[in-house]
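Let's read a structure together, one feature at a time. Where should a learner begin?

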Amino acid sequence: MKDKIRNYKYFVPLSYITFFVAAFFVFLFMTFPGDVVKQRIISEIQNSTPYMVDIQSADVSALLNVNLKGVKIYKSKNQFLELDSLTLKPSLFSLFSDSPKIPFNANLHGGEIEGAVRLSKQNNGIQEVQASIKQIKVDSIPDLISGEGSAEILINGIMDGELYVQFDPTPKGEFSFEVEGLNIENLKVKGMKLPNLSNLKSRFNGDIGDNLTNIKELSMKGNGIDIQITGTTPLLWEISKGGILDLGYRVEITNTDLAKYKTFLSPYLAKHRDGSLGGKILGTVKNPRFEKDSIKRF
């Protein structure tokens, strides 16, 4: 049997190829330029998004996956999201493409984000992002989209959802998120602190186009309270910069502990036939204006 293998006409070239491949992987693992890759990833993210990134270390696995540890995404010194781990899974063939697609997997806040990022070598930035979110705690997310020092509302709950955004040539996409066990604390309206809301179910879905976020549904429902919001805002990742708001909302309160706040809210909201209250939020992100008006869309 051994003689047959040795006499096989392709034995020598196959041996060289096998040796070359084995030597390549040994060399790769021993000399993997972790710092170079780490800096390249940091540069790509910071050039394509309004966030800063810090990565503690990077290494490569046997399947050429790039494993990143100690990843922090910063809006400012006190506003950041920390990932337990981030694994990038590029294929050798995609790296030679003008728009390589890099699958990724991230673990954070007890949950997981799985998806892919497509890069544009021509524009030196991110071309599109697709992500599936599973069981993520939402506690730190408001900090990343708010202005520094303005995220006074405390939010927690468990989120699942899907997101797709194409950035080039113009932003467009769609999103759908759902939060179970949503708790909201320190909510204020017109300077008055409202009671904490607990064990709500929230849905947030819509699409992105014409440089706007089109909210088809933003709802929060729980024991004796039902809040629904639709309309347009600036792009999700640019909300902290400001921009125009055009939102309509409907509030239905049947909880006896919350009913007393209907009197306080009535001057600012129009009363619907079903007993619910409605209004508009206009103006800008940094200077919103509440108007008493009935919303036909509900």
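A: Start with the salt bridge: a side-chain nitrogen of Lys or Arg within 4 Å of a carboxyl oxygen of Asp or Glu. Here Arg250 makes one with Glu252, and their closest N and O atoms are 3.0 Å apart. Before going on, note that this is a predicted model, where local features need pLDDT of at least 70, side-chain atom pairs count only at pLDDT 80 or more, and totals for chains, interfaces and linings use all residues. Residues are numbered from 1 along each chain as its sequence is written, and side-chain values use heavy atoms, with hydrogens and water left out.

Q: How many salt bridges does the structure hold?

A: Seven. One of them pairs Glu178 with Arg203, with 3.2 Å between the closest N and O atoms. Glu178 sits in strand E9 (residues 172–185) and Arg203 in strand E12 (residues 197–209), so this salt bridge ties together parts that are 25 residues apart in sequence. As for the labels, strands (E, at least two residues) are DSSP runs, numbered from the N terminus.

Q: Which side chain does Lys201 meet in a salt bridge?

A: That of Glu180, at 3.6 Å from N to O. This pair also links distant parts of the chain, with Lys201 in strand E12 and Glu180 in strand E9, 21 residues apart. Salt bridges that share partners join Glu178, Glu180, Lys201 and Arg203 into one network.

Q: How do I read burial, and is Arg250 buried or exposed?

A: Burial goes by relative accessible area: buried is under 20%, exposed is over 50%, and partly exposed is in between (1.4 Å probe, protein chains only). Arg250 has 11%, so it counts as buried. Its partner Glu252 is partly exposed at 27%. In the network, Glu178 is partly exposed at 27%, Arg203 is partly exposed at 34%, Lys201 is partly exposed at 32% and Glu180 is partly exposed at 38%.

Q: Where is Arg250 found, and what stands opposite in E17?

A: Arg250 is in strand E15, and its bridge partner in E17 is Gly278. The general idea is that two strands pair if DSSP finds at least two bridges between them. E15 and E17 do so in the antiparallel sense, over five bridges. Farther along the chain, the C-alpha atom of His272, 22 residues from Arg250, is separated from that of Arg250 by 9.0 Å.

Q: Which other strands pair with E17?

A: Strand E16 (residues 270–271) is joined to E17 by two bridges and runs antiparallel to it, with Lys271 opposite Leu277. Their hairpin has five residues between the strands, and there Gly275 takes a positive phi near 95 degrees. E18 is joined to E17 by four bridges, again antiparallel; Ile281 of E17 has Phe290 as its bridge partner in E18. E17 and E18 form a hairpin with four residues between them.

Q: Why is E17 largely enclosed by the rest of the structure?

A: Because six of the seven residues of strand E17 (residues 277–283) are buried.

Q: What makes an aromatic pair, and how many are there?

A: Rings of Phe, Tyr and Trp (its six-membered ring) pair if their centres lie within 6.5 Å; planes under 30 degrees apart count as stacked, over 60 as edge-to-face and the rest as tilted. By this rule there are four aromatic pairs. Phe175 and Phe177 are stacked, at 6.1 Å centre to centre with 20 degrees between the planes. Phe175 is buried at 4%, and Phe177 is buried at 13%. By contrast, Tyr249 and Phe290 have ring centres 6.4 Å apart and planes at 80 degrees, so that pair is edge-to-face. Tyr249 lies in strand E15 (residues 246–253) and Phe290 in strand E18 (residues 288–291), so the pair ties together parts 41 residues apart in sequence. Tyr249 is buried at 9%, whereas Phe290 is partly exposed at 38%.

Q: Which residues form one aromatic cluster?

A: Phe175, Phe177 and Phe204.
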